[in-house]
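Hello,

Please find the structure below, with the sequence. My notes on it follow, in plain terms.

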Amino acid sequence: MSRPNSVSPRPSGSGSTTGGPSTASSSSSCSGGGRAKGLKDIRIDEEVKIAVNISLERFRYGDQREMDFPSSLTSTERAFIHRLSQSLGLISKSKG
């Protein structure tokens, strides 16, 4: 995950990063009003949904410019991260 210079961070703690294939960055407009279409269609454990949501919110309001997720995530979990990132006004991409 990376954050462009036009987004000013809010102090509310910082999330830790771990190496992995999914990354996201914040765009200059962080709407975050609703959830992306199809989020409810992705079936993953509730614990994973909660952990990803907390991590993305910490990133969104923290001062980090980039965030990586573990490579051990399944393709379904990565799809959830990409869609949730989009709904929060973040830009995500996969590596590797």
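**Ser at the end of a helix, and what lies around it**

S87 lies in helix α2, which covers residues 75-87. Please keep in mind throughout that this is a predicted model. Is S87 buried or exposed? With a relative accessible area of 6%, S87 is buried, because the cut-off for that word is under 20%. The side chain of S87 has a polar atom 2.7 Å from the backbone oxygen of L84.

**The nonpolar core**

L84 turns up again in the largest nonpolar core. This core has 15 residues, and those touching the most other members are V52, L56, F69, F80 and L84. Two helices, α1 (46-61) and α2, each supply at least two residues of the core. Which element gives the largest share? That is α1, with 4 residues.

**How the two helices are placed**

The axes of α1 and α2 come within 11 Å of each other, and they cross at roughly 40 degrees. Because of that angle, α1 counts as oblique to α2. The reasoning is short: angles under 35 degrees would count as roughly parallel and those of 65 to 115 as roughly perpendicular, so roughly 40 degrees falls under oblique. The crossing of α1 past α2 is right-handed.

**Salt bridges**

Side chains of opposite charge can pair when their charged atoms come close. How many salt bridges does a search of the whole structure find? The search finds 2.

One of them joins E57 and R60, whose closest N and O atoms are 3.7 Å apart. Both residues sit in helix α1, 3 residues apart, which is about one turn of the helix. As for exposure, E57 has a relative accessibility of 24% and therefore counts as partly exposed. R60 has 11% and so counts as buried.

Another salt bridge is formed by K95 with E66, and here the closest N and O atoms are 3.8 Å apart. This pair links distant parts of the chain, with the two positions 29 residues apart: K95 is in the segment after β3 (90-94), while E66 is in the loop between α1 and β2 (67-68). K95 has a relative accessible area of 38%, so it is partly exposed. E66, at 40% relative accessibility, counts as partly exposed too.

**Two more positions in the helices**

T76 is found in helix α2. Its relative accessible area is 34%, so T76 is partly exposed. What separates the C-alpha atoms of T76 and I44? They are 7.1 Å apart, although the two residues are 32 residues apart along the chain.

S55 lies in helix α1. At 24% relative accessibility, S55 counts as partly exposed. The C-alpha atoms of S55 and F69 are separated by 9.5 Å, and these two residues are 14 residues apart along the chain. F69 is one of the core residues that touch the most other members.

When you go through the model yourself, you could begin with the two helices and then turn to the salt bridges.

Regards

Key: Residues numbered from 1 in each chain as written. Predicted model: local features only at pLDDT ≥ 70, side-chain atom pairs only at ≥ 80, totals over all residues. Heavy atoms only, no water. Buried < 20%, exposed > 50% of the residue type's maximum accessible area, 1.4 Å probe, protein only. Polar contact = N/O pair within 3.5 Å; in protein donor to acceptor, adjacent residues only side chain to side chain. Core = buried A, V, L, I, M, F, W, Y, C linked by side-chain atoms within 4.5 Å. Salt bridge = Lys/Arg side-chain N within 4 Å of Asp/Glu carboxyl O. Axes fitted to C-alpha atoms, helices over the stretch in contact; angles between N-to-C directions. Parallel < 35°, antiparallel > 145°, perpendicular 65-115°, else oblique. Left-handed = near helix turned anticlockwise from the far one by under 90°.
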